[in-house]
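Reader: I am new to this structure. Could you take me through it, one question at a time?

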Amino acid sequence: MNTFLSIIVAIIIFCIIIIVHEFGHFFVAKLCGVKVSEFAIGMGPVVFKKQGKETLFTLRLLPIGGFCSMGEDEDSDDPNSFRKKPVPAKMAVIVAGAFMNIVLGFLVIFISFIIDGKGVSSTIVYFADDAVSPSYGLQLNDTIVKINGLRIFAANDITYQLSSDEDGIVDFVVKRDGELVELNGVHFPMVYDEETGKQTLIYDFKVRAEKITIANIFPYSFKSAIYYGRVVLMSLLDLVMGKYGINDLQGPVGIVSTIGTTVSNAGFDWDFILSMAALITINIGIFNLLPIPALDGGRFVFLVIEAIRRKPMKAETEGLVHFVGFALLMVLVVVVTFNDIKNLFV
């Protein structure tokens, strides 16, 4: 697949994720009797529009977001306006977009398991001939429950935890013969990575692959969704703690470029494409719930305050807070997009 077609596929995936998010807001708004004045996909100048019975549907030039305009920051005498609805209804409308992103992530993972036909468990079935870890207590048929205190839901959790270990000494909790067994200080071989200048752990075992069935596809899909969600939260925490800097962030341009490049190099690999799509949509869902002004989570905070005060904040005050938050987010988007474009040529 050529690079151009790969990028087109990536843009389509990104647009679908945006549409699903905004449709969540739109659908629940309609259920709650909230008037939606505009349903927009993309940002910037309008390139296509169609007036519905009540809502203007628009397609905008830049595929970096979207919105449902419900007059959230405007006082109105219209009984169907957002601010006139009860708090529970408004909360439902606000979280609906993120909820739909997470549901989409689960469905994408579910489909990927159907296509792949197999899932990977957390039960050890093989050790390398020169394996070190068995001498510290790991055994065949051990089911890994925790690594360094982190609950293991999916096989990817094992990879994530071991690949981020820095000293090759790991604490395990495994399930063995129906009982939980703690194994502290399990050693693994380490290799020096010249590119990063860091020691990298080499895990010397393999876990069991299983055929996907009706009985196990839902548990596998659910646990994988938890894995993706937790990776997003842990990455955000690492960003706040300073482990990652702004240069490590990727915006829409970087995401599309990464997908396009990988697909172009590796071929049309459905497993990779669906995994990336699941990660992105769950990422967008969780990020939108952060208590940051202009994001859904920021609006939800105002609704919690409204529920406590038993009256809404002034529309002007809330609107100003969200405007400032949106402006700061746009500055961040510009900086990240600049880095993304720069990285295309470096």
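Reader: Is E54 buried, partly exposed or exposed?
Author: This is a predicted model, so every value here is computed from it. Buried means under 20% relative accessible area, and exposed means over 50%. E54 has a relative accessible area of 33%. That value lies in between, so E54 is partly exposed.

Reader: Which residue forms a salt bridge with E54?
Author: The closest N and O atoms of the pair are 2.6 Å apart. E54 sits in the loop between strand 1 (38-51) and strand 2 (56-69). Its partner lies in helix 1 (residues 3-31), 24 residues apart from E54. The partner is K30.

Reader: Is K30 buried, partly exposed or exposed?
Author: The relative accessible area of K30 is 35%. The buried class ends at 20% and the exposed class starts over 50%. So K30 is partly exposed.

Reader: Where are the two partners of the salt bridge between E38 and R60, and are they buried or exposed?
Author: Their closest N and O atoms are 2.8 Å apart. The pair links distant parts of the chain, with E38 in strand 1 and R60 in strand 2, 22 residues apart. E38 has a relative accessible area of 13%, and R60 has 19%. Buried means under 20%, so E38 and R60 are both buried.

Reader: Which residue meets D116 in a salt bridge?
Author: Side chains of opposite charge can pair when their charged atoms come close. Here the N to O distance is 3.6 Å. D116 is partly exposed at 36% relative accessibility, and its partner is partly exposed at 39%. That partner is K118.

Reader: Which residues do shared salt bridges join into one network?
Author: A search of the whole structure finds eight salt bridges. Some of these share partners, and one network results. Its members are R83, R299 and E318.

Reader: How many residues does the largest nonpolar core hold, and which touch the most other members?
Author: The core has 45 residues. Helix 1, strand 1, helix 2 (87-116), helix 4 (214-240) and helix 6 each give two or more residues to this core. Helix 2 gives the most, with 10 residues. The residues that touch the most other members are M70, V93 and I109.

Reader: What is M70 in contact with, beyond its neighbours within four places in sequence?
Author: M70 is one of the three core residues that touch the most other members. With those sequence neighbours left aside, its contacts are A29, V34, K35, V36, F82 and V93.

Reader: How many residues does the other core have?
Author: This core lies apart from the largest one. Its members include L138, I147, I152 and L162. The count is 16 residues.

Reader: What does D157 touch, not counting residues up to four places away in sequence?
Author: D157 is found in helix 3 (residues 155-163). Its relative accessible area is 2%, so D157 is buried. The residues it touches are R151, I152, Y227 and R230.

Reader: How far does helix 6 reach from its first C-alpha to its last?
Author: Helix 6 covers residues 270-288, which is 19 residues. Among its buried residues are I273, L274, A277 and I280. At 1.5 Å a residue, the expected reach is 27 Å. The model comes close to that, at 27 Å.

Reader: Which residue stands opposite I169?
Author: Strand 6 (residues 169-176) and strand 7 (residues 179-187) run antiparallel, joined by seven bridges. They form a hairpin with two residues between them. In that turn, D177 has a positive phi of about 55 degrees. Opposite I169, in strand 7, stands H187.

Reader: What is the phi of N141, and what is the phi of A294?
Author: Most residues other than glycine have a negative phi. N141 lies in the loop between strand 3 (118-127) and strand 4 (143-147), and counts as exposed at 52% relative accessibility. A294 is in the loop between helix 6 and helix 7 (296-309), and counts as partly exposed at 24%. The phi is positive in each case, about 70 degrees for N141 and about 85 degrees for A294.

Terms used: Residues numbered from 1 in each chain as written. Predicted model: local features only at pLDDT ≥ 70, side-chain atom pairs only at ≥ 80, totals over all residues. Heavy atoms only, no water. Helix = DSSP H or I, 4+ residues; strand = E, 2+ residues; numbered from the N terminus. Expected span 1.5 Å × (residues − 1). Buried < 20%, exposed > 50% of the residue type's maximum accessible area, 1.4 Å probe, protein only. Salt bridge = Lys/Arg side-chain N within 4 Å of Asp/Glu carboxyl O. Pairing = 2+ DSSP bridges. Core = buried A, V, L, I, M, F, W, Y, C linked by side-chain atoms within 4.5 Å. Contact = heavy atoms within 4.5 Å.
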